[in-house]
Amino acid sequence: MSGRHSSFDWRQPAGVDSAVVAVLVIIQVVVLIVIVVPVIVIIIVEVVVFVLIVFVLVVAIGPAFGLADALEVHFPPGLEVDLLDFAVEIFDLDQFRILVDGQDAESLVFLDVLVPLAGGRFEVSAHAASMRCARGRGNAALSYTRPVYHYRFPAATMQNRRPAAPASPLARARRIVVKVGSALLVDSATGRVNRAWLETLVLDLVRLRRRGQEVILVSSGAIALGRRHLGLSPGVLRLEESQAAAAVGQIRLAHAYKELFEAHEVTVAQVLLTLDDSERRRRYLNARATLNALLALGALPVINENDTVATTEIRYGDNDRLAARVAQMASADCVLLLSDVDGLYTADPNRSAGAQFVDRVLRVTPEIEAMAGAAVSGVGTGGMATKIAAARIALSAGASLCIAAGAHKHPVRRLEQGARCTWFVPQGNPASSRKQWIAGTLRPNGAISVDEGALRALHAGKSLLPAGITEARGRFDRGDTISVLAPDGREIARGIAAYGDADVARIRGMRTREAAAILGYRGRDEMIHRDDLVMMDDAGHD
């Protein structure tokens, strides 16, 4: 073994340092590309989105709200407004909640108007909305997420705001009667319920109720539905055939209404009436009490003509007048006659090229009546003549009446959005017109005399109780109109009696509990309720 040791050179090869540096540089470049470039892209996208939102607000959405030259956004609670092509309802500005019809239930962007004005500026905020129920299932509650954009409009634009148009009779009404014709309810080709259209009508009526308005529905369609199931041929039916068809169709019609309203948690009640029920005072009182009780309990009365026992009513197809009588009975403010015509013309537009549309009528004159023509519907029997007669009844009761086409979906909503129609506008309100009707239209059937205490109570606006009656004169029944005489024999009032003359003779001068014991039953507390009584001085009589 040699004593020399072998030696090795552990020095790194030339060029190793530069290679490492190159790798590090490449890594840094890659990191910059991966991290910095997306940030730049995000910033660019946000800028583009900002520009687009400004463009949409100022150019596209702005004109819809009058933002181009004057800000015209009004959101009082409970008032329906149009947001783009969505009909919405604002119930509480503190908790901005929107209801959108099911057919429009998709994702959308809406504007949140922030009030009051802060710092002399009017702030509008756009939010993304998300649905909380499936499309097509009635009204959908919307919840909004984080703000995606804020834009401030100068408060000075509010100074140039044009005054809002006066509310329509429909918007002002507290109680509304809606009449639906057979031509709308029944598909003339199949003879079945036009369910797709009826669903939209139900949504409209539910929306009216949700904003605090009471609704009564008067419906045709029983005969038109029943004739198909009985195999009756098209054309005019004999009386007994009409009655049979009504009996069959009524069940199907009631079931359709129950099913559709029940989906919105609305209880419906079927009420069968004829014109005779509104003409005879005793029946009138019972029907009116039933309607008021149903409305007070939150139900929606669905009124049909009792075609199974009616005679002339069937042949005349008089649900138009029935609707007006119901409005009179219930002291309604507004009547909507939805039919296959869009209103009143000076002549039949199908026959006269010069026929002009009449959009507003204050009085039903002979000239207005002459404009009515014959019925043209294939499934209904009413025509413009019945609608004019209904308008006369409604006006005398102080109710507005609208004749409008109802074939489009959401017919009531279309009216609120300005669809063409004819409005008959009264000069009074239901209460005052009804008082005039009691005082001057109805002829008193009898009379009762009252003492000084009752006289003072009547002048104070109170009801007449049996305790204040001293004498009954003439023959009258419950529901008849009678005169009220002062101790000196003067006629001081007229009203609708709650008891007949025979019962009055037994309970006069007695308290309510004593009267119930004598009669054997508990009647009404008042002989004449103040709502059914008019002082003759107030009515313009001596």
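Three short exercises with worked solutions follow.

This is a predicted model, in which local features need pLDDT of at least 70, side-chain atom pairs count only at pLDDT 80 or more, and totals for chains, interfaces and linings use all residues. Residues are numbered from 1 along each chain as its sequence is written, and side-chain values use heavy atoms, with hydrogens and water left out.

**Exercise 1.** Find the buried residues of helix α17 and state where they lie around the axis.

Step 1. Helices (H or I, at least four residues) are DSSP runs, numbered from the N terminus. Helix α17 spans residues 512-519.
Step 2. Its buried residues (under 20% relative accessible area, 1.4 Å probe, protein chains only) are Ala-515, Ala-516 and Leu-519.
Step 3. These cover an arc of only 100°, which puts them on the same side of α17. The arc is that of the directions from the helix axis to the C-beta atoms.
Step 4. An α-helix has 3.6 residues a turn, so residues three or four places apart point the same way.

**Exercise 2.** Find what lies on the face of α17 turned away from its buried side.

Step 1. Look for exposed residues (over 50% relative accessible area).
Step 2. That face carries Arg-513 and Ala-517.

**Exercise 3.** State what covers the buried residues of α17 and what follows the helix.

Step 1. Use contact, meaning heavy atoms within 4.5 Å.
Step 2. The cover includes α16 (501-507).
Step 3. After α17 comes Gly-520. The phi of Gly-520 is positive, near 85°.

Notes:
Helices (H or I, at least four residues) and strands (E, at least two) are DSSP runs, numbered from the N terminus.
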